[in-house]
2 protein chains.
Amino acid sequence: MEEIDRRIVALLAHDGRMSFTDLARETGLSVSAVHQRVRRLEKRGVIRGYAAIVNHDAIGLPLTAFVSIKPIDPAAPDDAPDRLAHLTAIEACHSVAGDESYILKVRVASPVALEDLLQQIRASAHVSTRTTVVLSTPYEHRAPVVAGEPVSGQESHD
Amino acid sequence: MEEIDRRIVALLAHDGRMSFTDLARETGLSVSAVHQRVRRLEKRGVIRGYAAIVNHDAIGLPLTAFVSIKPIDPAAPDDAPDRLAHLTAIEACHSVAGDESYILKVRVASPVALEDLLQQIRASAHVSTRTTVVLSTPYEHRAPVVAGEPVSGQESHD
DNA sequence: CTTGAAAACTTGTGTTC
DNA sequence: GAACACAAGTTTTCAAG
């Protein structure tokens, strides 16, 4: 992927509704050229989609938590992600290295709803859980630096 | 916030570039009415913004990790989020309950870049770190259920 | 990648309930 | 106060060079 594509991705990561006209101005390309590139980035899966960034407090899901899970029976086939997919309170599921096997990010309405969710997780995936409650979120959803922008903390020093 | 607003938020969380025309069709309102509602949701901060969902493998940041941090000196003033904000590899920073004080989500290019980032985190915020590397991500960025849609795992059973 | 033109979308105004 | 209809100005989209 080259410079202009990276620029386009960076711009859309920052403002997912930016118009092709503005993208064209920012990149110095014609509108049609940007349009073509964006469609190609979408088709190649570099851009997976677009989403509104929602204030969870405002939509009745003010409680966020990270739930680490570990299989009760380590010998059983591990299909936890599939077994948990129907629980819409789970925003993300990451397979991780370390003591536990997955980290889930969940959003719920209240402590009671969290308790309820944890029971459903344990029952659905036959796992034990360890929960870390989020108290506040200083920042989140920061757009990635796609190289070409000023970089911090990830240069290689060959 | 009432039914139609919740519907609009859910639709935009699922497809952040959906047109007002389509939102109007989905909600049964006129185009102008939806337009007005979306602008109000943005102004009230219910919708914080819009972002492209990016494939991090494709943009040269294939390594994701969760970094839990703990102050070296628990008595010192806690301004870790501010001190870390310049590190663009940090996508999110959550203050959490538990043994550690923050959980960071980071995206880097390689194990070496992660090592480098961890040193910068420790130096910038005067903290110790505990890192959990993400091996794979079965799902992420799932849109929230804004109530009114079929719900799973977060009902209240009064 | 560019031009160019048709179709669709955004966004304001004025009106109605 | 909220929704609708209409219309001007933009933007999206696609074909052809």
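Start with the surface near DNA strand C. Helix 3 of chain A supplies at least two residues to that surface, and so does each of helix 2 (20-27) and helix 3 of chain B. Keep in mind that this is a predicted model.

Which residues come nearest to DNA strand C? From chain A they are A:Ser30, A:Ser32 and A:Arg37, and from chain B they are B:Phe20 and B:Arg39, out of 13 residues around the strand. Of the atoms of DNA strand C that come within 4 Å of the protein, sugar and phosphate make up 69%.

Now the individual phosphate contacts on strand C. A:Ser30 puts a side-chain N or O atom 2.7 Å from a phosphate oxygen. A:Arg37 does this with a side-chain N or O atom at 2.6 Å. B:Phe20 works through its backbone: an N or O atom there lies 2.7 Å from a phosphate oxygen of DNA strand C. By class, the surface near DNA strand C has 3 nonpolar, 7 polar and 3 charged residues.

On to DNA strand D. Here 14 residues surround the strand. The closest are A:Phe20 and A:Arg39 from chain A, with B:Ser30, B:Ser32 and B:Arg37 from chain B. Sugar and phosphate account for 73% of the strand D atoms within 4 Å of the protein.

Three side chains to look at on strand D. A:Arg39 has a polar side-chain atom 2.3 Å from a phosphate oxygen. For B:Arg37, a side-chain N or O atom is 2.4 Å from a phosphate oxygen. For A:His35, that distance is 3.1 Å, again from a side-chain N or O atom.

Which elements give two or more residues to the surface near DNA strand D? Chain A brings helix 2 (20-27) and helix 3 (31-43), and chain B brings helix 3 (31-43). Helix 3 of chain B gives the most, with 5 residues. The class split near DNA strand D is 4 nonpolar, 7 polar and 3 charged.

Next, how chain A is divided. The domain assignment gives domain 1 (3-43) and domain 2 (63-133). Their centres, taken over C-alpha atoms, are separated by 37 Å. UniProt, in an unreviewed entry, lists residues 1-62 of chain A as "domain: HTH asnC-type". That span is 53% helix and 13% strand. Its end C-alpha atoms lie 39 Å apart.

Two residues of chain B to finish. Take B:Ser95, in strand 3 (residues 90-96). Is B:Ser95 buried or exposed? B:Ser95 counts as buried, because its relative accessibility is 13%, and the cut-off for buried is under 20%. Leaving out residues up to four places away in sequence, B:Ser95 touches both chains. On chain A, the partners are A:Val133, A:Val134, A:Leu135, A:Ser136 and A:Pro138. On chain B, they are B:Ser101 and B:Tyr102.

Then B:Arg130, in strand 5 (residues 127-139) of chain B. B:Arg130 is partly exposed, because its relative accessible area is 39%, between the 20% and 50% limits. Beyond its neighbours within four places in sequence, B:Arg130 is in contact with B:Phe66, B:Val67, B:Ser68 and B:Glu100. With B:Glu100, there is a polar contact, side chain to side chain, at 2.8 Å. B:Ile59 is 71 residues from B:Arg130 in sequence. In space, the C-alpha atoms of B:Arg130 and B:Ile59 are 26 Å apart.

Notes: Residues are numbered from 1 along each chain as its sequence is written. Chains are lettered from A and ligands numbered from 1 in the order in which they are written. This is a predicted model: local features need pLDDT of at least 70, side-chain atom pairs count only at pLDDT 80 or more; totals for chains, interfaces and linings use all residues. Side-chain values use heavy atoms; hydrogens and water are left out. UniProt positions are given in the numbering used here, feature names are shortened, and annotations may be inferred rather than shown by experiment. Helices (H or I, at least four residues) and strands (E, at least two) are DSSP runs, numbered from the N terminus. A residue is near a molecule or strand if one of its heavy atoms lies within 4 Å of it. A polar contact is a pair of N or O atoms within 3.5 Å; within protein, one must be able to donate a hydrogen and the other to accept it, and residues adjacent in sequence count only if both atoms are side-chain atoms. Ala, Val, Leu, Ile, Met, Phe, Trp, Tyr, Cys and Pro count as nonpolar, Asp, Glu, Lys and Arg as charged, and the others, Gly among them, as polar. Buried means under 20% relative accessible area, exposed over 50%, partly exposed in between (1.4 Å probe, protein chains only). Contact means heavy atoms within 4.5 Å. Domain bounds come from an automatic or database domain assignment.
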